[in-house]
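Let's take a friendly walk through a protein model, one piece at a time. Have the sequence and the 3D view ready, and follow along as each part is named.

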Amino acid sequence: MAKVTYITHDGTKFEVDAENGSTVMENAIRNAVPGIEAECGGACACATCHVYVDEAWTEKAGAPEAMEEDMLDFAYDVQPNSRLSCQVKVRDELDGLIVRVPERQA
Ligand code: FES
């Protein structure tokens with residue numbers, strides 16, 4: 001279990017208790033966090049679950065794998081800390097994770 005905080009583009013915070021093994025995207029959808037669309041349902045095929053991982057968490061969250069990297073090319077305003085939230089799995093180590101939702105999805 002990990003607490004994940006989503007900060008939307010207008011600065012609204014959503015704090016969520018996320019189960020280990022679920023994804024950051026699934027928890028956003030379950031808790032109606034605005035701005036995360038996840039059109040492909042987590043298959044790494046749409047890039048509409050794009051988030052920015054808070055700088056303090058980028059190392060623990062890890063780097064995107066090749067398939068995610070390719071898909072990120074379709075996301076809007078990609079930054080070095082961009083991730084597709086369906087590819088970030090919750091685990092104890094990520095307790096306290098903060099992600100920001102971009103202004104818009106692809
Ligand atoms: S939900 Fe489609 S790429 Fe993440």
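Start with strands β3 and β5, which pair in the antiparallel sense over two bridges. Keep in mind as you look that this is a predicted model. Within this pairing, Tyr52 stands opposite Arg100 in β5.

Now turn to another partner of β3. Strand β4 also runs antiparallel to β3, and three bridges join the two. Here Tyr52 comes up again, since this residue stands opposite Ser82 in β4.

What about the two faces of β3, residues 50–53? In a regular strand, side chains alternate between the two faces of the sheet. On one side of β3 you will find His50 and Tyr52, on the other Val51 and Val53, and all four are buried, so both faces are covered.

Next, step just past β4 (82–84) into the loop that leads to β5 (97–100), where Ser85 lies. Is Ser85 buried or exposed? Ser85 is buried, with a relative accessible area of 0%. Leaving aside neighbours within four places in sequence, Ser85 is in contact with Thr23, Val24, Met25, Ile36, Cys49 and Val51. You have already met Val51, one of the buried residues of β3.

Finally, look at the cysteines. How many disulfides does a search of the whole structure find? The search finds zero. Take Cys44: the nearest cysteine sulfur, that of Cys86, is 5.3 Å away. A disulfide needs the two sulfur atoms within 2.5 Å, so this pair does not count as one. Both residues are buried, Cys44 at 6% relative accessibility and Cys86 at 7%.

Notes
Residues are numbered from 1 along each chain as its sequence is written. This is a predicted model: local features need pLDDT of at least 70, side-chain atom pairs count only at pLDDT 80 or more; totals for chains, interfaces and linings use all residues. Side-chain values use heavy atoms; hydrogens and water are left out. Buried means under 20% relative accessible area, exposed over 50%, partly exposed in between (1.4 Å probe, protein chains only). Contact means heavy atoms within 4.5 Å. Two strands pair if DSSP finds at least two bridges between them.
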